[in-house]
Amino acid sequence: MPEAPNPEASDAGTTAAPPRVFSGIQPTADSFHLGNYLGALRQWVAMQDTHEAFYCVVDLHAITVEQDPAQLRRRTKVAAAQLFAMGVDPARATVFVQSHVPEHAELAWILGCLTGFGEAGRMTQFKDKSSKQGTSGTSVGLFTYPILQAADILLYTPEPVAGRPLRVPVGEDQRQHLELTRTLAQRFNHRFGETFVLPDAHIPEGAAKITDLQEPAAKMSKSASSPQGIIDVLEEPGPMRKKIMRAVTDTGTEVVYDEEKKAGVTNLLRIYSALEGTSIPDLEARYKGSGYGQFKKDLAQVVLDTFTPIRERTLKLLDDEEHLERLLAQGAGRASEVAVRTMETVRERVGFVGRGR
Ligand code: AMP
Ligand code: TRP
């Protein structure tokens, strides 16, 4: 595993440190779904090979809408277990729970003081979510959610700032939050001196938007999709197969990619292509003349082959809570080392008096 960057070593000219990757996911469901997996989590696993990786289960973000405490605790563990089960390797990647590292909330406060009210109000995800929650259900936390996300990312600014990128794998829907993060980093740097790297969004092509199996025009989403429209990573094989067989296709019989006229088939082709690593034209050729039935049956098998081992490993990890907690404590320790150092610099630059020793 790559050594944590050592500023002295870097100053001495040994700047072979790899780029960093940071990403986060909310523990707000009993299972991740296929959209999360293809749009984001699969990249997490791949990127740990070439990056110094920090992956965070963002429980502070989760409470921007009401959560049941026992359920939140359970879902946080289930989220972490799924990450390990998908192949995030605790020996190489730092996996941790956001609330274990209080610097996230502290930096969010400071960045919030650099964010315009109107600027935050233009975030489309806030506008969508708040219109669903209604005025009384919309918390100030939901409004400042993207600022906390910016803090998450910028805390892990690599040292030295120059020459080491910070990449953030997310789905397409997070692009605007990444733009805000870059704007805030730039603003801070401009006002207080070079402190933060400008992070890059790393948005997978093709699989970036997986749609609902029943409503192929809408994003597959835990809040909006019906149970029939969403495939959970931890779902039992029987129901999983059934959902794919019953996915809405379109009139006609040909398996061809056409976003407008064949949104359902197009979504299934994207899923198939991303999971199997076969190009869409190759899949179209394979299923030429064979109709939807065989196509769906084969796709169901590909999905099952991907998720069954992940489900089994997740359940096993959840069986040994102490072990899981130890892994998360170790992750929090490593994340803290970086976060504490970043905050020391930030506090000094902003003009806070040091506490002394
Ligand atoms: P969420 O489930 O909305 O908290 O999203 C968690 C991560 O999964 C984010 O990086 C999203 O961009 C990504 N994601 C969520 N739903 C989808 C989807 N239907 N297709 C692709 N990526 C998604
Ligand atoms: N807002 C992200 C989502 O809904 C979750 C998130 C929080 C995140 N902090 C982050 C993603 C930092 C990337 C980096 O998916």
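Which backbone atom lies 2.7 Å from a nitrogen atom of ligand 1? Select Ile210 together with ligand 1, and the pair to look for is a polar backbone atom of Ile210 and a nitrogen atom of ligand 1, set 2.7 Å apart; a polar contact here is a pair of N or O atoms within 3.5 Å, where within protein one must be able to donate a hydrogen and the other to accept it, and residues adjacent in sequence count only if both atoms are side-chain atoms.

Before going on, keep in mind that this is a predicted model, in which local features need pLDDT of at least 70 and side-chain atom pairs count only at pLDDT 80 or more, while totals for chains, interfaces and linings use all residues. Residues are numbered from 1 along each chain as its sequence is written, chains are lettered from A and ligands numbered from 1 in the order in which they are written, and side-chain values use heavy atoms, with hydrogens and water left out.

**Stop 1: ligand 1**

Stay with ligand 1 and add Gly35, where a backbone N or O atom lies 3.1 Å from a nitrogen atom of the ligand. Then add Asn36, which has a polar side-chain atom 2.9 Å from an oxygen atom of ligand 1. The protein covers 90% of the 480 Å² of accessible area that ligand 1 has on its own, with areas taken from the Shrake-Rupley method with a 1.4 Å probe and, for residues, only the protein chains shown counted as cover.

Next, display the whole shell of 17 residues around ligand 1, of which the closest are Asn36, Gly171, Asp173, Ile210 and Met220; a residue is near a molecule or strand if one of its heavy atoms lies within 4 Å of it. Colouring this shell by class gives 7 nonpolar, 6 polar and 4 charged residues, where Ala, Val, Leu, Ile, Met, Phe, Trp, Tyr, Cys and Pro count as nonpolar, Asp, Glu, Lys and Arg as charged, and the others, Gly among them, as polar.

Helix 2, residues 34-47, gives the most to this shell, with 4 residues; helices (H or I, at least four residues) and strands (E, at least two) are DSSP runs, numbered from the N terminus. Asn36 lies in helix 2, and its side chain also reaches the backbone nitrogen of His33 at 3.0 Å. Asn36 counts as buried because its relative accessible area is 17%, given that buried means under 20%, exposed over 50% and partly exposed in between, with a 1.4 Å probe and protein chains only.

**Stop 2: ligand 2**

Now centre on ligand 2, which has 13 residues around it, with Gly24, Tyr145, Gln149, Asp152 and Gln174 coming nearest. Three side chains are worth showing as sticks here: Asp152 places a polar side-chain atom 2.7 Å from a nitrogen atom of ligand 2, Gln149 does so at 2.9 Å, and an N or O atom in the side chain of Gln174 is 3.0 Å from a nitrogen atom of the ligand. Of the 360 Å² of accessible area that ligand 2 has on its own, the protein covers 89%.

To see which elements surround ligand 2, highlight strand 1 (20-25) and helix 8 (140-154), the elements that give two or more residues to its shell. Helix 8 gives the most, with 4 residues, and by class the shell around ligand 2 has 6 nonpolar, 6 polar and 1 charged residues.

**Stop 3: away from the ligands**

Select His61, which is found in helix 3 and counts as buried because its relative accessibility is 1%. His61 and Pro27 are 34 residues apart in sequence, and their C-alpha atoms are 8.8 Å apart in space.

Move on to Val65, in the loop between helix 3 (59-62) and helix 4 (69-86), where a relative accessible area of 22% makes the residue partly exposed. The C-alpha atoms of Val65 and Leu142 are separated by 7.1 Å, although the two residues are 77 apart along the chain.

Finish at Ala105 in helix 5, residues 103-112, which is partly exposed at a relative accessible area of 42%. A distance line drawn from Ala105 to Glu215, C-alpha to C-alpha, spans 37 Å, with their positions 110 residues apart in sequence.
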